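Biologist: Please take one part of this model and go through it closely, then place it in its surroundings.

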Amino acid sequence: MKSIALKYFIYETAGIYLFAVRFFKELFKPRFEFNEFLKQCYTVGNTSITLVSVTALIMGLVITIQSQPAMETFGTESWLPSVVSISLVRELVPVITALTCAGKIGSSIGAELGSMKVTEQIDSMEVSGTNPFKYLVVTRVLATTLMLPLLIILGDTISLYGAYIGVNINQNVSFHLFTNQVFAKLDFSDVLPSVIKGLFFGFTIGIISCYKGYHTKNGTEGVGKSANSSVVVSIFAVFMIDLIAAQVANIFHIL
Amino acid sequence: MMEKASYNKEAIIELINLKKSFGNNHVLNDLNLTVKQGENVVFIGKSGSGKSVLIKCIIGLIKPDSGIISVFGNDVSKLSHDDLDQMRAKVGFLFQSNALYDSMTIRENLEFPLRRHWLKGTKDTINDLVLDALTNVGLADTIDMKPSELSGGMKKRVALARTLILKPEIILYDEPTSGLDPVTGKEISNLIVEIQKKYNTSSIIISHDLSCAKITSNKIVILIDGTCYATGTFEELNNMSDTKVKQFFD
């Protein structure tokens with residue numbers, strides 16, 4: 001049983017790798033599906049704004065409220081805005097945004113492509129003279145890759161506002177003072193790595209979800225499985241990338 | 001086996017010693033067939049006998065293990081991607097599940113192959129072609145609807161309109177009447193004959209529906225064990241004493 005699971009894991013990993021290689025090959029071939037790409041950017045970006053914003057606001061608020069008592073104990077509560085903002089921008093917002101998007105976008109792409117596969121819509125596209133990989137996969141993966149960093153930047157901003165609200169629950173700190181304290185410690189080298197991580201998160205979520213949807217089998221039952229495994233594998237991959245990023249950060253002291 | 005002697009038209013599709021297997025399942029086994037200009041050939045066979053695989057091989061969606069598929073005199077398996085696209089512009093394919101794009105309106109569904117194969121058309125010309133294709137199947141008023149708003153029969157008609165919009169010379173129908181009530185099934189069958197007469201198309205029709213086969217066919221091929229077991233008109237096959245053939249007509 002274990003060997004079957006291991007074989008399946010290796011088979012799937014190799015499949016996703018080859019799928020990603022094909023993505024880069026198709027990406028540079030002519031006829032870029034610009035309209036579909038814009039449509040996917042709207043779907044991935046615009047429709048995730050509310051979810052990402054609410055999640056980021058709550059996260060900023062909660063982290064600040066929970067950190068405040070501990071920092072008061074050590075008499076370092078004046079550091080609260082800068083400590084919380086660095087935690088949020090460097091780690092928490094990118095990961096939580098990626099996990100939120102893995103759930104929302106990953107399941108959506110997996111189910112959409114899966115149902116297109118089982119209802120022969122992908123075959124129909126091919127017969128209509130369209131390269132379905134370019135039309136469906138390249139556009140979606142590019143959209144997730146480009147939109148996730150933007151969502152992370154939005155999440156960073158809103159989470160900082162959440163932190164400001166959190167600080168003001170027990171203290172009276174002006175917005176001007178709060179931002180001064182935040183940006184005294186937080187600089188571009190904190191934001192850039194989270195954006196770079198966002199590119200990798202977005203690419204990974206897009207590739208895995210498209211792979212799962214594109215290779216759906218066994219009718220409608222398979223569509224459900226594809227949507228489910230898109231989310232599960234994407235979440236696992238997000239954590240793996242975050243772990244690797246942390247190791248790289250240790251080596252280069254930048255991320 | 002019992003092909004009508006009156007056929008004396010140009011061969012438009014030719015299958016020679018076609019073989020296709022999935023693992024140990026030999027779906028197509030040395031299959032030979034010729035379809036001539038203006039001819040409707042209906043394939044009958046048990047489920048899983050390789051009928052859908054056969055037409056997917058013809059359109060280049062599945063590669064055969066061996067053999068030759070000649071469409072308009074070109075070997076499909078040797079065509080480059082661009083040549084295959086050009087060939088596909090002249091071959092319509094009606095999918096069993098209709099394969100209408102759920103996220104698009106009926107107008108966008110019909111525009112999709114046009115924009116792919118015929119990019120030079122102006123907006124008005126494309127609009128006229130879409131309306132004309134929908135009028136041909138009696139569904140011009142559904143142009144701004146989504147596929148989910150249509151009944152099974154209407155979806156089939158729209159799928160047929162999308163197949164016809166590029167004015168194909170060959171149409172491949174994968175079970176055009178499956179899932180439809182007998183009345184709608186008969187309407188679709190009559191529509192297939194109308195299309196054949198109007199556009200002088202050649203067709204391969206995969207069907208389990210004998211009434212569809214009777215209405216639409218010039219020739220029926222019975223597919224058993226991956227080969228053309230018997231060929232003839234509906235009446236010829238219906239009168240055969242062979243038990244394997246008889247089981248389809250009883």
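Modeller: The expected span of a helix is 1.5 Å times one less than its number of residues, and helices (H or I, at least four residues) and strands (E, at least two) are DSSP runs, numbered from the N terminus. The model is predicted: local features need pLDDT of at least 70 and side-chain atom pairs 80 or more, while totals for chains, interfaces and linings use all residues. Residues are numbered from 1 along each chain as written, and chains are lettered from A and ligands numbered from 1 in the order written.

The part I take is helix α8 of chain A, residues 188-214. For its 27 residues a span of 39 Å is expected, and the end C-alpha atoms lie 38 Å apart, which agrees. Of these 27 residues, 19 are buried (20 or more other C-beta atoms within 10 Å of their own, with C-beta atoms placed from the backbone), so α8(A) is mostly covered.

As for the surroundings, chain B has nine helices and 10 strands. Six strands of chain B form an open sheet with mixed pairing, in the order β6-β7-β8-β3-β9-β10; two strands pair if DSSP finds at least two bridges between them. The edges are β6 (91-94) and β10 (227-232) of chain B, each with a single partner strand, so one side of each has no neighbour in the sheet. At the β6(B) edge, four bridges lead to β7(B) (residues 170-174), and the two strands run parallel. There B:Phe93 stands opposite B:Leu172 of β7(B). Across chain B, 41% of the 250 residues count as buried.

Note on methods. A residue is buried if 20 or more other C-beta atoms lie within 10 Å of its own, exposed if 12 or fewer, and partly exposed in between; C-beta atoms are placed from the backbone.
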